[in-house]
Amino acid sequence: MAKIKVSDLRALVKNEVEELDYNGLKIEVKKYLPVSQKLELVLSVYNSCIDEDNGLKVVNGNSKEIALVFFIAKYYTNINLPKDIFEAYDILIESGLYNTIENVIYDEVIRIEDMLDEVIAYEDEKYHHENQFVYVVKNLLQELINKVPSLEEAKDFVEMAEKEISRFDPNKVKFIKDFIDLNKGK
């Protein structure tokens, strides 16, 4: 059996772009986005739709929808979108342009939504594991262990303490006690 070369496989990749005439605008829509860019898109959506309240992470469904529309249009088309994500969403939805884009890359949109659901499930599972009692106790114990001095640090401390004790003069303590008593009016 003859092996197929990678270069032959790469030659099959078409990097197709569909050009749409949308109310006189020439809109270019990529038919396929490489997986690394899909992941970047998905993580951008995820980061845009997470709300944190006292350390609790919650997916905001409205933000998720708005971010999906915005980032899909941004990554798949040649459209310059407004910086304000809400304004961009309103333009894309109200004009019907997003529905047209979505119809061209319907399978890609489904893949993106599936990937986003996987990221959300993974982050949710990770969050729950990190906040389980056992995990929290383990982290606290690790922090305590990190604060315990090493053998070398303990030796240095003992040596320093021995030097201080050998230089200890009980008369100085009596002098300090007498000084404090005097200042207290005794």
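Buried means under 20% relative accessible area and exposed means over 50%, with partly exposed in between (1.4 Å probe, protein chains only). This is a predicted model, in which local features need pLDDT of at least 70 and side-chain atom pairs count only at pLDDT 80 or more, while totals for chains, interfaces and linings use all residues. Residues are numbered from 1 along each chain as its sequence is written, and side-chain values use heavy atoms, with hydrogens and water left out.

Now to the charged side chains. Side chains of opposite charge can pair when their charged atoms come close. A salt bridge here is a side-chain nitrogen of Lys or Arg within 4 Å of a carboxyl oxygen of Asp or Glu, and by this rule the count comes to six.

One of them joins Lys 64 to Asp 117, with 3.5 Å from N to O. This pair ties together distant parts of the chain, as Lys 64 belongs to helix α3 (residues 61-76) and Asp 117, 53 residues away, to helix α6. Helices in this account are DSSP runs (H or I, at least four residues), numbered from the N terminus. Asp 117 counts as partly exposed because its relative accessibility is 39%, and Lys 64 is also partly exposed, at 23%.

Another salt bridge stays inside helix α6: Lys 126 and Glu 123 sit three residues apart there, about one turn of the helix. Their side chains meet at 3.6 Å, N to O. Glu 123 has a relative accessibility of 18%, so this residue counts as buried, whereas Lys 126, at 33%, is partly exposed.

Asp 21 pairs up with Lys 26, and the closest N and O atoms are 3.8 Å apart. Both Asp 21 and Lys 26 are exposed. Asp 90 is a different story: this residue lies in helix α4 (residues 85-94) and is partly exposed, at 43% relative accessibility. Between Asp 90 and Lys 26 there are 20 Å in space, C-alpha to C-alpha, and 64 residues in sequence.

Then there is Glu 108, found in helix α6 (residues 106-130). With a relative accessible area of just 3%, Glu 108 is buried. Salt bridges link Glu 108, Lys 38 and Arg 111 in a network. A polar atom of the Glu 108 side chain also lies 3.1 Å from the backbone nitrogen of Leu 33. Setting aside neighbours within four places in sequence, Glu 108 is in contact (heavy atoms within 4.5 Å) with Lys 31, Tyr 32, Leu 33, Lys 38 and Tyr 76.

Technical notes
Helix = DSSP H or I, 4+ residues; strand = E, 2+ residues; numbered from the N terminus. Polar contact = N/O pair within 3.5 Å; in protein donor to acceptor, adjacent residues only side chain to side chain.
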